[in-house]
Amino acid sequence: SQSLLRQNLRPVPSVAQVAGAIDHAILRPDLTVADVAAACAEAAAYRVFSVCARPMDVRQAVTALAGTGVEVGTVIGFPHGTTSTAAKVAEARIALDQGATELDMVLQIGRLRSGLAGKVEADIAGVVAEAGGFGVKVILETALLTRDEIVAGCRAAERAGAAFVKTSTGFGGRGASEDDIRLM
């Protein structure tokens, strides 16, 4: 029975393996320059995959993390997704020019809830095109959506060429649920 037990157990990942899969978000609006510096130092010490910084902090994060192997990403249309596609594309261009290598965009929640999945897809596709091969992750804000809307948002993101979908910003209600994750 011991050998059967060993066969069914998955190896426990190491701290380094877990850390290497973490996007360390530093997005609170009240963070100071010193807070951003400290968060970047922590991210470098643990060797997380990336830091997701506020747009105004991308340059600081890129400088602080140079040579550490930690990527820098930022948010687009954050936290509500209500900016125009042109504004999101401009945000993406600025972030990439400053050294960001990943973009986490909030989709147009109200348009998705209105049944305008084609417009949502076009919005995402605009940012994906501007990213030119850099990863674009689409934040759905699942707490505000029905199950059908979550599915429609995932499909729009997939058709538009996004790399990933995410459940929530952390600023829009309950956050992620296990059901949301399974559905997505």
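Hi everyone, let me start with a single residue: A19 counts as buried, at 5% relative accessibility. I should say right away that we are looking at a predicted model. A19 sits in helix α2, which covers residues 15–19. Which residues does A19 touch, once those up to four places away in sequence are set aside? They are Y46, R47, V48 and F49. For a sense of distance, A19 and V120 are 101 residues apart in sequence, and their C-alpha atoms are 33 Å apart in space.

One of those partners, R47, deserves a moment of its own. R47 is in the loop between α3 (33–46) and β2 (50–53). Is R47 buried or exposed? R47 counts as exposed, at 58% relative accessibility. Please have a look at its backbone too: phi of R47 is positive, about 55°, although R47 is not a glycine.

There is another positive phi to show you, in E141. Here the value is near 65°, again in a residue other than glycine. E141 belongs to the loop between β5 and α8, and E141 is buried, with a relative accessible area of 2%.

In the loop between β5 (135–139) and α8 (147–160) you will also find A143. A143 is partly exposed, at 27% relative accessible area. Leaving out residues up to four places away in sequence, A143 touches G172, R174 and G175. L9, by contrast, is 134 residues from A143 in sequence and 34 Å from A143 in space, C-alpha to C-alpha.

Now over to strand β3, residues 71–76, where we find T74. T74 counts as buried, with 0% relative accessibility. Beyond its neighbours within four places in sequence, T74 is in contact with C52, A53, R54, P55 and V58, and also with A95, A100, E102, L103 and D104.

Staying close to that topic, which two residues does a cis peptide bond join? They are F78 and P79, with omega at about 0°. P79 is in the loop between β3 and α5 (85–97).

C52 came up among the contacts of T74, so let me turn to the cysteines. Searching the whole structure gives 0 disulfides. C40 is in no disulfide, and the nearest cysteine sulfur, that of C52, is 11 Å away. Why is there no bond for C52? Because its sulfur is 11 Å from the closest cysteine sulfur, in C40, and that is too far. As for their surroundings, C40 is buried, with a relative accessible area of 1%, and C52 is buried too, at 6%.

Let me finish with the whole chain. The protein chain has 9 helices and 6 strands. Its C-alpha trace spans about 55 × 45 × 30 Å along the principal axes. How does the radius of gyration fit a compact globule? With 184 residues, such a globule would come out near 16 Å, and the protein chain has 18 Å, which agrees. Of the 184 residues, 39% count as buried. Looking at contacts with a separation of 6 or more, 67% are between residues 24 or more positions apart.

On the outside, the protein chain exposes about 10,000 Å², and carbon and sulfur atoms supply 57% of that area. Finally, the charges: there are 18 positive and 20 negative ones, and their mean positions are 4 Å apart. Thanks for listening, everyone!

Notes. Residues are numbered from 1 along each chain as its sequence is written. This is a predicted model: local features need pLDDT of at least 70, side-chain atom pairs count only at pLDDT 80 or more; totals for chains, interfaces and linings use all residues. Side-chain values use heavy atoms; hydrogens and water are left out. Helices (H or I, at least four residues) and strands (E, at least two) are DSSP runs, numbered from the N terminus. The radius of gyration is taken over C-alpha atoms; the globule rule is 2.2 Å times the number of residues to the power 0.38. Buried means under 20% relative accessible area, exposed over 50%, partly exposed in between (1.4 Å probe, protein chains only). Contact means heavy atoms within 4.5 Å. Accessible areas come from the Shrake-Rupley method with a 1.4 Å probe; for residues, only the protein chains shown count as cover. Lys and Arg count as positive and Asp and Glu as negative; His and the chain ends are not counted. The place of a charge is taken as NZ of Lys, CZ of Arg, CG of Asp or CD of Glu. A disulfide is a pair of cysteine sulfur atoms within 2.5 Å.
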